Protein chains: 2
Amino acid sequence: MREFSFIEEFMKPLGRTDERITLGIGDDAAVLCLDSNEELVVSTDTQVESRHFPVGADDALVVSRAIGCAVSDLAAMGAQPLGFTLSVTTPSLDVEVARRLAKGVAAGIDRYQTPIIGGDTVQGPRSFSVTAMGRVQKGRALRRSGAKDDDDLWVTGSLGGSAAALEDIESSLVGELSELHSVYWQPPCRLAFGQGLAKGIATSCLDLSDGVAGDIRHILKSSDLGAELDVQLLPINPLTIARFGREASFELAFQGGDDYELLFTAPVAKREQIIALGSETNTPVTRIGRLNSNSEILLLVDDGHATICTDLGYGHF
Amino acid sequence: MREFSFIEEFMKPLGRTDERITLGIGDDAAVLCLDSNEELVVSTDTQVESRHFPVGADDALVVSRAIGCAVSDLAAMGAQPLGFTLSVTTPSLDVEVARRLAKGVAAGIDRYQTPIIGGDTVQGPRSFSVTAMGRVQKGRALRRSGAKDDDDLWVTGSLGGSAAALEDIESSLVGELSELHSVYWQPPCRLAFGQGLAKGIATSCLDLSDGVAGDIRHILKSSDLGAELDVQLLPINPLTIARFGREASFELAFQGGDDYELLFTAPVAKREQIIALGSETNTPVTRIGRLNSNSEILLLVDDGHATICTDLGYGHF
């Protein structure tokens, strides 16, 4: 199938026009408009077969997950989605492939409340690159920098589910997903919660793609602070515990990647507001520690014993 | 090298802050701001090794070209660049690779007047995906649709240079480029000219990536018109003619891709303005034909003889 037919027959029908999309799929570029008191938030995320998703996985699963991973960055900035572009690199583009891609795009649009506005379709080793765009009130975007000494450290949802699912991911490449495998294939994207945090609640925020152990460094480094994390408080995915026991599950939750939950800091005075925001937006939220002035040192506190944690996050190369 | 170090040491120093970039490289996402009378223009372009650029080509050449190809879509919309994100997929990321990538990004930023605002760096078969963002006065973006019966058909620059360069592209993968090979590696990006066209001059516009023969269909299809193209007027790259003779060069200019010149339509009454815009912006511009009411039929007229042209453009699959 030619790229032109793929776009006309499979992608254009998925496009929507809304008040902010002046021009969607099908031209040289898309055209969007913002309100005068808004800023544009942009993030790009690329997923390569065998590196970021298992060989042989259904295009539909991979594409909708890729959309979720990119939109998750919008959540971490406290932004509302405007739209995404999808660049598909695929070895072939027959009708079956086109149908699976369209199914994944439709699922991603629906699950992550973000319309498709354009993209590119090329031949090559399978990979997917998504650029997500969103909007935020001027000056309100949540950054990785900005944490203050004595701020609380919080995390949404539970951790270690994706890392546990990856242990036998080959059993979930096509067809129905188990509850645990859904955690990996359907990143949570805490959009409503992130938007709430951006209303003057959080001082810094990011989404966990490489594990708490690795990602927390970005917050500590940019604010030149340290943190004490209470091991007992880390919310571990119960399905992970049921399968791997508490000790192994802690490792998966602390060092494992792909959870796409939000890790953020906020002043102690905001605790009640954060808990209220969690229930309003149906988002589990847990206070797991506190920042301190020990430059870039992460201390793990477990039942009164403290150990210094060296960098254990996921490295891409 | 870890992705984090690559960004810190090689990419961040290339970032700029200007009044429209609230937050650049290094966070979960970039933040941009627009004026209230502007719209955002977004385009994504992916280049895969062996498909879109030759195996073994210098990362620096490939990256700067990828930036040019994406920014060219902004030119075709009449937009002013705001910034681009670059997703790099590379088999390895040692210091040498990092240096070549940084050299290509720096060249692209400089040549196409567009700052880098973010991206992603992942391991995998070599490819580069660029999402370019620009701004345009509200309602002024140049679309592929909008051409009118009797409009003139115009093209910028000259055609067939890239297709000719591709004939022996292996001789230009590293080091100094010949004048002909520069045509392929350094797409022209007619930004200033495109911005001028968007001030009420052109009725439709696109950039030529797949050849006139293929790309003109997008204009004809969306306006339900036909066109008569005068073969004698098609501006063929003189280096191509010198090497391949006139007849073969016509094929390269008419069917060959990768020229990234603008193909556009405008009312007859705009001829003088278009010629003046060409000299102001140092952009060669040639009137090559006329639109008519013969739905989607492209007629090639050569010295009084007319032939109907069937679709000959480049197919990606």
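**Two chains and a shared sheet**

Let me begin with the layout of a single chain: chain A is divided into domain 1, which covers residues 3-137, and domain 2, which covers residues 152-309. Please keep in mind throughout that this is a predicted model.

The C-alpha centres of these two domains of chain A lie 26 Å apart, and where the domains meet, 21 residues of domain 1 are in contact with 19 residues of domain 2. On the side of domain 1 of chain A that touches domain 2 of chain A, the elements that give two or more residues are helix H2 (59-77), E4 and H3 of chain A. Among these, H2(A) gives the most to that side, with 10 residues. If we sort the residues on that side of domain 1 of chain A by class, we find 11 nonpolar, six polar and four charged.

Now let me turn to how the two chains are related. Chain B is superposed on chain A by a rotation of 180° with 0.0 Å of shift along its axis, and the RMSD is 0.0 Å; that is the relation of a two-fold axis. If you would like a landmark for the axis, look for Ser36(B), which of the residues of chain B comes closest to the rotation axis, at 2.2 Å for its C-alpha.

How many residues does each chain bring to the contact? The contact takes 55 residues from chain B and 55 residues from chain A. On the side of chain B that touches chain A, several elements each supply at least two residues, including E1, E2, E3 and H2 of chain B, and E3(B) gives the most, with nine residues. By class, that side of chain B has 23 nonpolar, 19 polar and 13 charged residues. Since 100% of the interface residues of chain B are also interface residues in chain A, the copies meet through the same surface.

The next feature to follow is a sheet with strands from both chains. It is an open sheet of six strands with mixed pairing, and its order is E5(A)-E4(A)-E6(A)-E3(A)-E2(B)-E1(B). At its edges stand strand E5 (116-123) of chain A and strand E1 (21-23) of chain B, each with a single partner strand, so one side of each is left without a neighbour in the sheet. Neighbouring strands of this sheet are turned by 20° against each other on average, with direction ignored.

Where do the chains join within this sheet? Strand E3 (residues 38-48) of chain A and E2(B) pair in the antiparallel sense over three bridges, and Val41(A) stands opposite Val31(B) in E2(B). Within chain A, strand E4 (residues 80-90) and strand E6 (residues 127-137) also run antiparallel, joined by nine bridges, and here Ser87(A) stands opposite Ser129(A) in E6(A). Helix H3 (residues 95-112) of chain A lies across E4 and E5 of chain A, running at about 160° to E4(A).

Finally, let me pick out one residue in chain B, namely Phe53(B), which lies in the loop between strand E3 (38-48) and helix H2 (59-77). Is Phe53(B) buried or exposed? Phe53(B) is buried, because 23 other C-beta atoms lie within 10 Å, and the cut-off for calling a residue buried is 20 or more. Leaving aside its neighbours within four places in sequence, Phe53(B) is in contact with Gln47(B), Val62(B) and Arg65(B).

Terms used
Residues are numbered from 1 along each chain as its sequence is written. Chains are lettered from A and ligands numbered from 1 in the order in which they are written. This is a predicted model: local features need pLDDT of at least 70, side-chain atom pairs count only at pLDDT 80 or more; totals for chains, interfaces and linings use all residues. Copies are superposed by least squares on the C-alpha atoms of residues with pLDDT of at least 70 in both. Two residues are in contact if their C-beta atoms, placed from the backbone, lie within 7 Å. Two strands pair if DSSP finds at least two bridges between them. Helices (H or I, at least four residues) and strands (E, at least two) are DSSP runs, numbered from the N terminus. Axes are lines fitted to C-alpha atoms, for helices over the stretch in contact, and angles run from 0 to 180 degrees between N-to-C directions. A residue is buried if 20 or more other C-beta atoms lie within 10 Å of its own, exposed if 12 or fewer, and partly exposed in between; C-beta atoms are placed from the backbone. Domain bounds come from an automatic or database domain assignment. Ala, Val, Leu, Ile, Met, Phe, Trp, Tyr, Cys and Pro count as nonpolar, Asp, Glu, Lys and Arg as charged, and the others, Gly among them, as polar.
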